[in-house]
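Me: I have just opened this entry and would like to be walked through it. Could we go topic by topic?

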Amino acid sequence: MNAETPQGAAGSQGRLVIRTIAMPCDTNARGDIFGGWLMSQLDLGGAVLAQQLANGRVTTVAVEKLDFIAPVKVGDTVTCFARLLSRGRTSMRLGLEAWATRHGEITTKQVARGIYIYVAIDAEGRPAPVPESARAEEI
Ligand SMILES: CC(C)(COP(=O)(O)OP(=O)(O)OC[C@H]1O[C@@H](n2cnc3c(N)ncnc32)[C@H](O)[C@@H]1OP(=O)(O)O)[C@@H](O)C(=O)NCCC(=O)NCCS
C-alpha cells in the first residue's frame with residue numbers, strides 16, 4: 001500500500017466513512033493532533049460502517065491493533081476508511097485507515113491504521129446477530 005498518494009487517498013482500503021478537519025482544540029502539548037482524537041475518529045468511522053452492516057446499533061468491544069504512522073497537524077483534512085475483515089455471530093472485525101491532506105498540499109498521507117471490533121446490540125444493549133448480508137470485503 002502506498003504511504004503517500006495524490007489527493008484522494010488512492011492507496012486506501014475500504015469505504016470512506018468520515019471526512020473532517022483537525023482543529024486546534026484537538027492538539028497535544030507539542031501542538032500536533034492528539035492521538036486520542038484520531039483514535040476516536042477511527043472509532044466513529046468504524047461505527048458508521050458497522051451500523052450499516054448490522055442494520056442497527058453497535059458498540060465497540062475492543063481495539064485489536066492501532067498504529068500511528070505519521071503526525072496529524074492542525075488544519076489537515078482527515079479521511080477515514082473502513083472495511084469488514086471478518087465477522088462472527090454478533091461481532092464484526094473492521095480494518096480502519098486514516099489519511100491526512102495537509103492544508104495547501106496536494107498529497108494525501110496515511111497517518112494511522114487499526115483493527116477495531118464492534119458488536120451488534122439490541123435495544124437493551126445485549127449482543128444481537130449480525131445479518132448474513134454482512135460479508136468481508138476482498139481488496
Ligand atoms: C460488547 C458487549 C455488549 C458484549 O457483551 P458480552 O456479554 O461480553 O457478550 P459475548 O461474550 O456474547 O460477546 C459478544 C461478541 O463479542 C466478542 N467479544 C467480546 N469481547 C471481546 C474482546 N475483548 N475482543 C474481541 N471480541 C470480543 C465475542 O467473541 C462475541 O463475538 P461473536 O458473537 O461474533 O462470537 C459488552 O461487553 C459491553 O457492553 N461492553 C461495553 C461496550 C462499550 O461500552 N463500548 C464503548 C466503550 S467507551
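Me: How many residues of strand 6 are buried?
Reply: This is a predicted model. In it, eleven of the 14 residues of strand 6 are buried, so the strand is largely enclosed by the rest of the structure.

Me: Which strands does strand 6 pair with, and in what sense?
Reply: Strand 6 pairs with strand 3 in the antiparallel sense, over nine bridges. It also pairs with strand 5 in the antiparallel sense, over eleven bridges.

Me: Which residues stand opposite each other there?
Reply: On the strand 3 side, Thr60 stands opposite Tyr118 of strand 6. On the other side, Ser91 stands opposite Val119 of strand 6.

Me: How many residues lie between strand 5 and strand 6?
Reply: The two strands form a hairpin with five residues between them. Gly104, in that turn, has a positive phi of about 85°.

Me: What does Tyr118 touch?
Reply: Apart from its neighbours within four places in sequence, Tyr118 is in contact with Gly46, Ala47, Ala50, Val58, Thr59, Thr60, Val61, Ser91, Met92 and Leu94.

Me: And Ala112, is that buried or exposed?
Reply: Ala112, which is placed in strand 6, has 22 other C-beta atoms within 10 Å and therefore counts as buried, the threshold being 20 or more. Its contacts, leaving aside neighbours within four places in sequence, are Leu38, Leu42, Leu66, Asp67, Phe68, Ile69 and Ala98.

Me: How far apart are Ala112 and Arg135?
Reply: They are 23 residues apart in sequence, and their C-alpha atoms are 24 Å apart in space.

Me: Changing topic: which residues of the largest nonpolar core touch the most other members?
Reply: That core has 31 residues, and Ala50, Cys80, Leu94, Ala98 and Tyr118 touch the most other members. At least two core residues are supplied by each of strand 2 (15–21), helix 1 (35–54), strand 4 (77–87), strand 5 (91–101) and strand 6 (107–120).

Me: Which element gives the largest share?
Reply: Helix 1 does, with seven residues of this core.

Me: Why would such residues gather in one place?
Reply: In soluble globular proteins, nonpolar side chains tend to be buried together.

Me: Let us step back. What is the order of elements along the chain?
Reply: The chain has one helix and six strands. Starting at the N terminus, they run β-β-α-β-β-β-β.

Me: How do strand 2 and strand 4 run relative to each other, parallel or antiparallel?
Reply: They run antiparallel and are joined by six bridges. One of the pairs is Arg19 with Thr79, the latter in strand 4.

Me: What does strand 4 do with strand 5?
Reply: Strand 4 and strand 5 pair in the antiparallel sense, over ten bridges. They form a hairpin with three residues between them. Thr79 appears again here, as its bridge partner in strand 5 is Trp99.

Me: Now the ligand. Which residues come nearest?
Reply: There are 13 residues around the ligand, and Ala62, Gly88, Arg89, Thr90 and Ser91 come nearest.

Me: Which strands supply at least two residues of that shell?
Reply: Strand 3 (58–68) and strand 6 each do so. The largest share, four residues, comes from strand 3.

Me: How does the shell divide by class?
Reply: It has six nonpolar, six polar and one charged residues.

Me: Another point: where is Asn55, and what is its phi?
Reply: Asn55 is found in the loop between helix 1 and strand 3. Its phi is positive, about 55°, although it is not a glycine.

Me: Is Asn55 buried or exposed?
Reply: Asn55 counts as exposed, because it has 12 C-beta neighbours inside 10 Å.

Me: Last topic: what radius of gyration does the whole chain have?
Reply: The chain has a radius of gyration of 15 Å. With 139 residues, a compact globule would have a value near 14 Å, so the two agree. Along the principal axes, the C-alpha atoms fill a box of roughly 45 × 30 × 20 Å.

Me: What share of the residues is buried, and what share of contacts spans 24 or more positions?
Reply: Of the 139 residues, 35% count as buried. Among contacts in the chain with a separation of 6 or more, 73% are between residues 24 or more positions apart.

Notes. Residues are numbered from 1 along each chain as its sequence is written. This is a predicted model: local features need pLDDT of at least 70, side-chain atom pairs count only at pLDDT 80 or more; totals for chains, interfaces and linings use all residues. A nonpolar core is a set of buried Ala, Val, Leu, Ile, Met, Phe, Trp, Tyr and Cys residues joined through C-beta atoms within 7 Å. Two residues are in contact if their C-beta atoms, placed from the backbone, lie within 7 Å. A residue is near a molecule or strand if its C-beta atom, placed from the backbone, lies within 6 Å of it. Ala, Val, Leu, Ile, Met, Phe, Trp, Tyr, Cys and Pro count as nonpolar, Asp, Glu, Lys and Arg as charged, and the others, Gly among them, as polar. Two strands pair if DSSP finds at least two bridges between them. The radius of gyration is taken over C-alpha atoms; the globule rule is 2.2 Å times the number of residues to the power 0.38.
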